[in-house]
Amino acid sequence: MTSAAYRRTMPKQVRPPGMVDVAKLAGVSHQTVSRVLNAPNMVRASTREKVEQAIAELGYQRNLAARTLATHRSRLIGVIVANSDFHGPAETALSVQSAAHESGYAAIQAAVRSADPKELGSVVSMLLNHSVEGIVVIAPQEQLVRELQRTAARVPMVVVADSPRPLDGMHEVCVDQRDGARKAVEHLIATGHRTIAHIAGPPTWLDATQRRRSWLETLAKHGLPPATEHTGDWSAQAGYEAAALLITEGALPEAVFCANDLIAIGVAAGLKDAGISIPEDISIVGFDDIPSAPYQRPALTTVRQPFKELGRACMEVLSAGIEGVEPGPRRTISATLVQRSSVQVHRNKTSS
């Protein structure tokens, strides 16, 4: 039955289309429509497509209040994100929400500006008052993680944080920052670089401290001393200012490992403005693989964080907690080195 033909058979009363109308137009059962809405991965793709098309044609909207009363479940999760102006937290939040929708949940996002206990407690209380079944917290800063451990949530909580210490009472999901940084520094060593500087992110950020720690550990493993080090605030401006410091310090290092791509872009701009060629005079590696990284000149070698996979892992762990299944204390996802043209190969010094 076509949409137009079905509408002619609908009662003339003014009411929004319901699940029964969707089922009739799609030629499936009411239960199948429910499965598409609540557990889409359990429905065959062709059937799911028919139901989704019927939903779109009819303009069907789910009645969340009625569903909550009927099932005693809200199918809502909360997403708390700190420092959402930065690429990593923002991408993680989007990925978690996308994965939630794929799993049949709706997400309520709340931003926090700091680790202030009152603000954090207020946000958690707000989400609980909306009957969320679980909470994902994107917590990139150590102080925020400490405050979360003091926050007693009555629902399962997943924390996205590469914490060096176990977090009691919470499930952890993270990208392995140390392993990602190790891959970056190992690549520079393998291509013949022996003096490798680091432009670090803010020391209060867990990702920054883990990447810096891995830079030091990897150099020590190969018997290389760390070259100069500077700290930035994740911005391109910080990278540009660090480039000026590298130049004034005298002999340039052979390579710079930057804590994120924006810092790397700023370093590259500062060096180029001083007449220094990349990668001929100095190699640069970033972290994150932001969308503009391949379009820098030279294209930026960097470490890619798999944000979509991170979001799905968060929902898998949270869903298990909601269903009463113990998912384990920590889920770690590997990052990937993306080799581009900002790294020069020093053939006479390349490791065998």
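User: In what order do the strands of the open sheet of six strands run?

Analyst: The model is predicted. In this sheet the pairing is parallel. β2 (106-112) and β11 stand at the edges with a single partner strand each, so one side of each lacks a neighbour in the sheet. The order is β2-β1-β3-β4-β5-β11.

User: By how much are neighbouring strands of this sheet turned against each other on average, direction ignored?

Analyst: The sheet in question is the open one of six strands. Direction is ignored for this average. The value is 20°.

User: Which residue in β5 is the bridge partner of V160?

Analyst: β4 covers residues 157-160 and β5 covers residues 171-175. The two run parallel and are joined by three bridges. In β5, V160 has as its bridge partner V173.

User: What angle does helix α7 make with the direction of β2?

Analyst: Helix α7 (residues 117-129) packs on the six-strand sheet. There α7 touches β1 (76-82), β2 and β3 (134-138). Its direction and that of β2 make an angle of about 165°.

User: Which strands stand at the edges of the open sheet of four strands?

Analyst: The four strands are ordered β7-β6-β8-β9, and the pairing is parallel. The twist averages 15° from one strand to the next. An edge strand has a single partner, so one of its sides is left without a neighbour in the sheet. The edge strands are β7 (229-231) and β9 (283-285).

User: Which residue in β7 does A200 stand opposite?

Analyst: Strand β6 (residues 196-200) and β7 run parallel. Three bridges join them. Opposite A200 in β7 stands T231.

User: What is the bridge partner of I199 in β8?

Analyst: β6 pairs with β8 as well, in the parallel sense. That pairing spans four bridges. In β8, the partner of I199 is C258.

User: How many residues of β6 are buried, and which point the other way from I196, H198 and A200?

Analyst: Five of the five residues of β6 are buried, so the strand is largely enclosed by the rest of the structure. Side chains in a regular strand alternate between the two faces of the sheet. I196, H198 and A200 point one way from β6. Pointing the other way are A197 and I199.

User: Which strands do helices α9 and α11 touch on this sheet?

Analyst: Both helices pack on the four-strand sheet. Helix α9 (residues 177-190) makes about 170° with the direction of β8. Helix α11 (residues 236-248) makes about 155° with that of β7. α9 touches β6, β8 (255-258) and β9, while α11 touches β6, β7 and β8.

User: Which residues touch the most other members of the largest nonpolar core?

Analyst: This core holds 40 residues. Helix α13 (residues 307-322) gives the largest share, eight residues. The residues that touch the most other members are I77, I196 and F257.

User: Which residues is I196 in contact with, leaving aside its neighbours within four places in sequence?

Analyst: I196 lies in β6 and is buried. Its contacts include V185, L188 and I189. W215, L219, P226 and A227 are also among them. The list is completed by A255 and F257.

User: At what angle do the axes of α2 and α3 cross?

Analyst: α2 (residues 19-26) and α3 have axes that come within 8 Å. M19, V20, V22 and A23 of α2 make the contact with H30, V33, S34 and L37 of α3. By class, this contact has six nonpolar, two polar and no charged residues. The two helices are roughly perpendicular, with a crossing angle of roughly 105°.

User: How are α3 and α4 oriented to each other?

Analyst: The axes of α3 (residues 30-38) and α4 (residues 45-58) come within 10 Å and cross at roughly 90°. T32, V33, V36 and L37 in α3 meet T47, R48, V51, E52 and I55 in α4. That contact has five nonpolar, two polar and two charged residues. The angle falls in the range from 65 to 115 degrees, and therefore the helices are roughly perpendicular.

User: What is the relative accessible area of S334?

Analyst: S334 lies in the loop between β11 (330-333) and β12 (336-338). Beyond residues up to four places away in sequence, S334 touches D179, K183 and P306. Q177 is 157 residues away in sequence, yet its C-alpha is 8.2 Å from that of S334. S334 is partly exposed, and its relative accessible area is 46%.

Key: Residues are numbered from 1 along each chain as its sequence is written. This is a predicted model: local features need pLDDT of at least 70, side-chain atom pairs count only at pLDDT 80 or more; totals for chains, interfaces and linings use all residues. Side-chain values use heavy atoms; hydrogens and water are left out. Axes are lines fitted to C-alpha atoms, for helices over the stretch in contact, and angles run from 0 to 180 degrees between N-to-C directions. Angles under 35 degrees count as roughly parallel, over 145 as roughly antiparallel, 65 to 115 as roughly perpendicular and the rest as oblique. Contact means heavy atoms within 4.5 Å. Ala, Val, Leu, Ile, Met, Phe, Trp, Tyr, Cys and Pro count as nonpolar, Asp, Glu, Lys and Arg as charged, and the others, Gly among them, as polar. A nonpolar core is a set of buried Ala, Val, Leu, Ile, Met, Phe, Trp, Tyr and Cys residues joined through side-chain atoms within 4.5 Å. Buried means under 20% relative accessible area, exposed over 50%, partly exposed in between (1.4 Å probe, protein chains only). Two strands pair if DSSP finds at least two bridges between them.
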